[in-house]
Amino acid sequence: MTPRLVLAIAGLTVREFTRRRVLWVLLGLSLASVALVGWGVERLVSIARAEGAEELQVRIGVSQVLILIAFMFSFVLAMSAAFLAAPAIASDVETGTVHAMLARPLRRSDLVLGRWLGLSAVVAGYAVLSGALAIIVVRLVSGHAPPEPQVAVAFLALQAIAVLTLALALGSRLPSMAAGAITVVLFGLGWFAGVLGSVAIAFDAAPLAAATDIVRVLIPTDGLWRGVVYGLEPPVVLLLMEASNVQALQANPFFASAPPPAAFVAWSVAWVVLVLGAGIAAFGRREL
Amino acid sequence: MTPAIETHALRKVYGRTVALDALDLHVEPGEVFGFLGPNGAGKTTAVKLLLGLTRPTAGEGTVLGRPIGDRTARGRIGYLPELFRYQAWLTAHEVLRLHAALAGLAPAARAAEIERVLTLAGLADRADERTGGFSKGMQQRLGLAAALLGDPALVILDEPTSALDPVGRGDVRAIIREARERGSAVLLNSHLLGEVERLCDRVAIVHHGRVVASGALGDLLGEPTVRLRVTDLPGGATAQDGPLAAFGPVALEDGWLAIRPIDPDRIPDLVATVVGLGARVHAVDPARRSLEDLFLDLVRGSADERPAR
């Protein structure tokens, strides 16, 4: 690896997104969304308080709305990551831009690593900025602050990085359209397996739970999403859930009673490394 | 001296298609070498093999003394791809800065070197425009500028004038000559025969993935000839020991008097001698087989004996 060249490609990638206005469009859209969220939450809180709702009820209500917003944002973030990363190498190969670059003393692995680094910086930066902004705005208008916002934002960024790594790796071998589409389908499958797995646990359906566990290991995005939920879930909700002891609540994809285990987080990081490594190996053998 | 390019039986097969059958190539340092062939002959495949963009199925080769595709050798090669495309959202200057960095040029030398190649390629006044707005010709000029960055020991140009008008073609000829003067070997991949004929020291003609002829242009094209349309030529003038024999072997072909070979400098003397003999000269045709004739002969001649695919 030549760090100088990896950084040069990473810088080029970041510049590509600013020059092609992708970054500004995304930021503009998320500023608009955050403004809308702030307005909506403020309205809900005002109405609830006017009708004499308890402050605790209001806070719990806001916390659940925030989790729902985070879910939508994580979905948008994953789609953006897939569609930014899928063509990052694939379309450079399709147009021939990559030929002139790889005729230089640039290793193919350094090109992939640089692309990954630049994409990760853009996507994670976007996730952190937009996520933090939404949490701050909700706190300003409602007074509700999630217990561990930094955990939620970190898992949000990690989930997006997992998605972009998969799209980039697939795009190192497949045309960009195919790589993007496969990534989106796999992401959906991971989420679906997560929901199904929760249902299986709630109703004691062991074989189904085992099957969905395998999918959740192969596609760790849903497990990472549970980390986002956990970071946003107020302790009082967890206490209420435990007290009510309703097992069916475990099936709620917007509920997490515990953070993802450390082993799972470690596996997710390893998964990113493995998928990226597979992408590098595939691109290394590709005929250009 | 280490050859710029040396390959032995280089072969590339894609599935059932033989893109390159068995390429033997030898390019000396500092020479302009023409790599000719019809479309689909395997020229671009050969170039990609030399750069390590694809791997050979069989055979071997060296570029600048290193195995083909070697990374350190690539640092001394400039390459203009057939499909020249550069980041549309960068300016010409930024594209060259990127390539200067990738090529590993010393940071202190980059600015001056970029200015040099921009001027050379005729892009100095459009250096700060984004390449997305460039015409094809301008993009090809940019590709040439990138290929010439840092005085590479070997410049590989894949169809360098495909998008250029006649003025641009003239500019490219000047650029290639200058690269040679600066000591670069140039591999010129082209099917524009006139261009190759004007520029190249030596050529190889590939057809169906094999070299069917190679050598110095003069040798390949055969010796210079002159043909005179004459009337009233006295009998005996064409005899083996006649007055014209001193210029070279004489023959009569369809009413034309042909001397083959002849020293081109002696053609005026020949005409004077013929006139002195009392003959009337209607036309003088200093003919040499053109590269096009040779090319067509070779390509058509081997059309019947395609290698098995």
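The exercises below work through selected helices, contacts and loop residues of a predicted model.

**Exercise 1. Helix H3 of chain B and its surroundings**

Task: Establish what span helix H3(B) reaches, which of its residues are buried, and what covers them.

Solution. Begin with the extent of the helix: H3(B) runs over residues 92-103, twelve residues in total, and its first and last C-alpha atoms are 16 Å apart, close to the 16 Å expected at 1.5 Å a residue.

Next, consider burial, taking a residue as buried if 20 or more other C-beta atoms lie within 10 Å of its own. By that count eleven of the twelve residues are buried, and H3(B) is mostly covered. The buried set consists of Ala92(B), His93(B), Glu94(B), Val95(B), Leu96(B), Leu98(B), His99(B), Ala100(B), Ala101(B), Leu102(B) and Ala103(B).

Then ask what provides the cover: it includes, from chain A, helix H1 (3-19) and helix H4 (97-102), and, from chain B, helix H4 (107-120) and helix H5 (136-148).

Finally, look just past the end of the helix, where Gly104(B) follows H3(B) with a positive phi near 80°.

**Exercise 2. The packing of H3(B) against H4(B)**

Task: Describe how H3(B) and H4(B) are arranged, and identify which residues meet.

Solution. The geometry comes first: the axes of H3(B) and H4(B) are 10 Å apart, and the two helices pack at an angle of about 125°. This angle makes H3(B) oblique to H4(B), and the crossing is right-handed.

The residues come second: from H3(B), His93(B), Leu96(B), Arg97(B) and Ala100(B) take part, and they meet Arg110(B), Glu113(B), Ile114(B), Val117(B) and Leu118(B) of H4(B). Sorted by class, this contact has five nonpolar, one polar and three charged residues.

**Exercise 3. The side of chain B that touches chain A**

Task: Determine how many residues each chain gives to the contact, and which element gives the largest share on the side of chain B.

Solution. Start with the totals, which are 23 residues from chain B and 20 residues from chain A. On the side of chain B, the elements that give two or more residues are helix H1 (43-51), helix H2 (71-74), strand E6 (77-80) and H3. The largest share, five residues, comes from H3(B). By class, this side of chain B has 13 nonpolar, six polar and four charged residues.

**Exercise 4. Two helix studies in chain A**

Task: Compare the span of H2(A) with its expected value, and then characterise the packing of H6(A) with H11(A).

Solution. For H2(A), which covers residues 22-50, the 29 residues should span 42 Å at 1.5 Å a residue, and the end C-alpha atoms are 42 Å apart, so the two values agree. Leu26(A), Ser30(A), Val34(A), Val37(A), Val41(A) and Val45(A) are buried in this helix, and what covers its buried residues includes helix H3 (55-95) and helix H5 (108-142) of chain A. Just after H2(A), Gly52(A) takes a positive phi of about 80°.

For the helix pair, the axes of H6(A) (residues 149-171) and H11(A) (residues 262-285) come within 8 Å and cross at roughly 20°. Angles under 35 degrees count as roughly parallel, and H6(A) and H11(A) are therefore roughly parallel to each other. H6(A) passes H11(A) in a left-handed crossing. The residues of this contact divide into eleven nonpolar, three polar and no charged.

**Exercise 5. Two loop residues with positive phi**

Task: For His208(B) and Asp232(B), decide where each lies and whether each counts as buried or exposed.

Solution. Most residues other than glycine have a negative phi. His208(B), although it is not a glycine, has a positive phi of about 50°, and Asp232(B), also not a glycine, has a positive phi of about 60°.

As to location, His208(B) lies in the loop between strand E9 (202-207) and strand E10 (210-216) of chain B, whereas Asp232(B) is found in the loop between strand E11 (226-231) and strand E12 (250-253) of chain B.

As to burial, His208(B) has 20 C-beta neighbours inside 10 Å and so counts as buried, while Asp232(B) has 9 C-beta neighbours inside 10 Å and so counts as exposed.

Terms used: Residues numbered from 1 in each chain as written. Chains lettered and ligands numbered in written order. Predicted model: local features only at pLDDT ≥ 70, side-chain atom pairs only at ≥ 80, totals over all residues. Helix = DSSP H or I, 4+ residues; strand = E, 2+ residues; numbered from the N terminus. Expected span 1.5 Å × (residues − 1). Contact = placed C-beta atoms within 7 Å. Axes fitted to C-alpha atoms, helices over the stretch in contact; angles between N-to-C directions. Parallel < 35°, antiparallel > 145°, perpendicular 65-115°, else oblique. Left-handed = near helix turned anticlockwise from the far one by under 90°. Nonpolar A, V, L, I, M, F, W, Y, C, P; charged D, E, K, R; others polar.
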